[in-house]
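Trainee: I have a chain and its ligand to look at, and I would like to work through them by asking about one place at a time. Could you show me the sequence and the structure before we begin?

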Amino acid sequence: MKLALLQIDVAFGDPEANERKVEEFFRNLDASVDVVVLPELWTTGYDLSRLETIADEEGQKAKRFLSDLAERYDVHLVGGSIAKKTSDGVLNTMYVFDNKGSLLKEYSKAHLFKLMNEEKYLIDDTMDGKFELMGEKSAGLICYDIRFPEWVRTQMLEGTTVLYVVAEWPAPRIDHWKTLLKARAIENQCYVVACNRVGADPKNEFGGHSIIYGPWGDVLAEGSEQEEIVYGEIDTSNVEEIRTQIPIFQDRRPELYK
Ligand SMILES: NC(=O)CCC(=O)C(=O)O
């Protein structure tokens, strides 16, 4: 499976400019890519106080845009996340499409990050992040969600082999980003495919280092701190053997974990 992580800078509160940027990155995409991944809140960035105006009504615009890209470029698409306006409030929502442009999954961030004021402007959700992409059992998580191994584990219990993470993770904690992702890969014996943004907004500088980890915690691809497409390749055929060698999922004792 050939992957491309679009490690873009996100224009603050300017969905049209960000759509143009994503289009431009797609035009430069290597034709052999199977799966493309975008970062968190790639349409608006963290312009949270203006979400009333710039959030996407029921995600309709983003869904049309992403579905069209997936079909036109014949790629599967983990569409980062966007601010989705609903009658209950604004969700931070990921959409996943197959290469025919069909919607496979919608997942909204479960844990709101108070350090970046999310709880003042966004609402959380309870849906799981599980989906199947190119025949692989997969799951999606959004940024701060990776700090909750107990939540991640619930996504892994039915044989998930690939975990997709989309983020706007600030540069000062990029060491946490890499360490947490590596831990999630090792403890769940899975591939972790993680796309972060670069650039800055009025309050934060974002750290890039989009990354792909294998199930032993090995780095298969890693981005810089600049805008770029980070390419990588994964082959999940070793996951079963690793899970047999160290049978973490069989050795769990959930009765102790209350
Ligand atoms: N956008 C986010 O959820 C950021 C999470 C973060 O920075 C962290 O340290 O956790």
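Trainee: Is Gln155 buried or exposed?

Mentor: This is a predicted model, and in it Gln155 has its place in helix α5, which covers residues 149-156. The cut-off for a buried residue is 20 or more other C-beta atoms within 10 Å. Because Gln155 has 22 C-beta neighbours inside 10 Å, it counts as buried.

Trainee: Which residues does Gln155 touch, leaving aside those up to four places away in sequence?

Mentor: A contact here asks for C-beta atoms within 7 Å. With residues up to four places away in sequence set aside, the residues that Gln155 touches are Asp128, Gly129, Lys130, Ala139 and Thr160.

Trainee: And how far apart in space are Gln155 and Leu103, C-alpha to C-alpha?

Mentor: In sequence, Gln155 and Leu103 are 52 residues apart. In space, taken from C-alpha to C-alpha, the distance between Gln155 and Leu103 is 19 Å.

Trainee: Phi of Glu58 and phi of His209 caught my eye; what value is each one near?

Mentor: Most residues other than glycine have a negative phi. Glu58, in the loop between β3 (56-57) and α3 (60-73), has a positive phi although it is not glycine. His209, in the loop between β13 (205-207) and β14 (211-213), is likewise a residue other than glycine with a positive phi. For Glu58 the value is near 55°, and for His209 it is near 55°.

Trainee: Which burial class does each of these two residues fall into, Glu58 and His209?

Mentor: The count of other C-beta atoms within 10 Å decides this, with 20 or more for buried and 12 or fewer for exposed. Glu58 has 14 such atoms, so it is partly exposed. His209 has 22 of them, and is therefore buried.

Trainee: Turning to the ligand, how many residues of each class, nonpolar, polar and charged, are in the shell around it?

Mentor: The residues around the ligand include Phe113, Met116, Trp169 and Pro170, and also Glu40, Arg147, Glu168, Arg173 and His176. Sorted by class, the shell has seven nonpolar, one polar and four charged residues.

Trainee: Where in the chain is confidence lowest, and where is it highest?

Mentor: Across the chain the average pLDDT is 98, and 100% of the residues score at least 70. For the complex, the predictor gives an ipTM of 0.99 and a pTM of 0.98. Confidence is lowest in helix α2 (residues 51-54), with a mean of 96, and highest, at 99, in strand β11 (residues 191-196).

Key: Residues are numbered from 1 along each chain as its sequence is written. This is a predicted model: local features need pLDDT of at least 70, side-chain atom pairs count only at pLDDT 80 or more; totals for chains, interfaces and linings use all residues. A residue is near a molecule or strand if its C-beta atom, placed from the backbone, lies within 6 Å of it. Ala, Val, Leu, Ile, Met, Phe, Trp, Tyr, Cys and Pro count as nonpolar, Asp, Glu, Lys and Arg as charged, and the others, Gly among them, as polar. pLDDT is the predictor's confidence in each residue, from 0 to 100. Helices (H or I, at least four residues) and strands (E, at least two) are DSSP runs, numbered from the N terminus. Two residues are in contact if their C-beta atoms, placed from the backbone, lie within 7 Å.
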